[in-house]
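Student: I am new to this structure and should like to go through it step by step. May I put my questions to you in turn?

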Amino acid sequence: MRVTIKMFACVCHGVSHRRVEQTVRDGACTISDLGRRTGAGTGCGQCHHRLDALLDQLRARRATPKAEALAAK
Ligand code: FES
């Protein structure tokens, strides 16, 4: 039996971490950008700290491409 675990970055709008990552790769830089493109963060606002952390993490990865390449292996 295969179990799929989906991590939500924003529960109100069912936006997954993966979708946030893809949206950042497509050019989103701020929580407002994410909100416009996915709806994330436009409900209760409880996810803002999580979205901020994800944005920081993804920016850091972008700044160090070697780390991302190693992580992909
Ligand atoms: S959990 Fe993201 S807006 Fe409510």
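Student: In which loop does C29 lie, and does it count as buried or exposed?

Tutor: This is a predicted model, and in it C29 belongs to the loop between α1 and α2. A residue counts as exposed if 12 or fewer other C-beta atoms lie within 10 Å of its own. C29 has 11 C-beta neighbours inside 10 Å, and therefore the class of C29 is exposed.

Student: What distance separates the C-alpha atoms of C29 and D56?

Tutor: Along the chain, C29 and D56 are 27 residues apart. In space, the separation of their C-alpha atoms is 9.6 Å.

Student: How are the helices α1 and α2, on either side of that loop, oriented to each other?

Tutor: Two packed helices are described by the angle between their axes and the distance between the axes. For α1 and α2 the axes are 10 Å apart and the angle is about 110 degrees. Angles of 65 to 115 degrees count as roughly perpendicular. The orientation of α1 to α2 is therefore roughly perpendicular.

Student: Which residues of α1 and α2 make the contact, and how many of them are charged?

Tutor: From α1 the contact takes R19, V20 and T23, and from α2 it takes L34, R37 and T38. Sorted by class, this contact has two nonpolar and two polar residues, and the number of charged residues is two.

Student: How are α1 and α3 oriented to each other?

Tutor: The axes of helix α1 (residues 17–25) and helix α3 (residues 48–63) come within 11 Å, and they cross at roughly 50 degrees. The crossing in which α1 passes α3 is right-handed. An angle that is neither under 35 degrees, nor over 145, nor from 65 to 115 counts as oblique. The orientation of α1 to α3 is therefore oblique.

Student: Which residues of α3 does α1 meet, and how many nonpolar residues does the contact have?

Tutor: On the α1 side stand H17, V20, E21 and V24, and they meet L51, L54, L55 and L58 of α3. By class, the contact of α1 with α3 has one polar and one charged residue, while the nonpolar residues number six.

Student: Where does R50 lie, and why does it count as partly exposed?

Tutor: R50 is part of helix α3. Buried residues have 20 or more other C-beta atoms within 10 Å, and exposed residues have 12 or fewer. R50 has 18 such atoms within 10 Å, so R50 is partly exposed.

Student: How far apart in space are R50 and F8?

Tutor: In sequence, R50 and F8 are 42 residues apart. From C-alpha to C-alpha, their distance in space is 9.8 Å.

Student: Which residues does G43 touch, not counting residues up to four places away in sequence?

Tutor: G43 has its place in the loop between α2 and α3. With 13 other C-beta atoms within 10 Å, G43 is partly exposed. The C-alpha atoms of G43 and C10 are separated by 8.8 Å, although the two are 33 residues apart along the chain. Leaving aside residues up to four places away in sequence, G43 touches C12 and H13.

Student: In what order do the elements of the protein run?

Tutor: The protein has two strands and four helices. From the N terminus on, the order of the elements is β-β-α-α-α-α.

Student: Which element of the protein has the lowest mean pLDDT?

Tutor: The average pLDDT of the protein is 87, and 82% of the residues score at least 70. Among the elements, helix α2 (residues 31–38) has the highest mean, 97, whereas the lowest, 60, belongs to helix α4 (residues 65–72).

Notes: Residues numbered from 1 in each chain as written. Predicted model: local features only at pLDDT ≥ 70, side-chain atom pairs only at ≥ 80, totals over all residues. Axes fitted to C-alpha atoms, helices over the stretch in contact; angles between N-to-C directions. Left-handed = near helix turned anticlockwise from the far one by under 90°. Contact = placed C-beta atoms within 7 Å. Nonpolar A, V, L, I, M, F, W, Y, C, P; charged D, E, K, R; others polar. pLDDT = per-residue confidence, 0-100.
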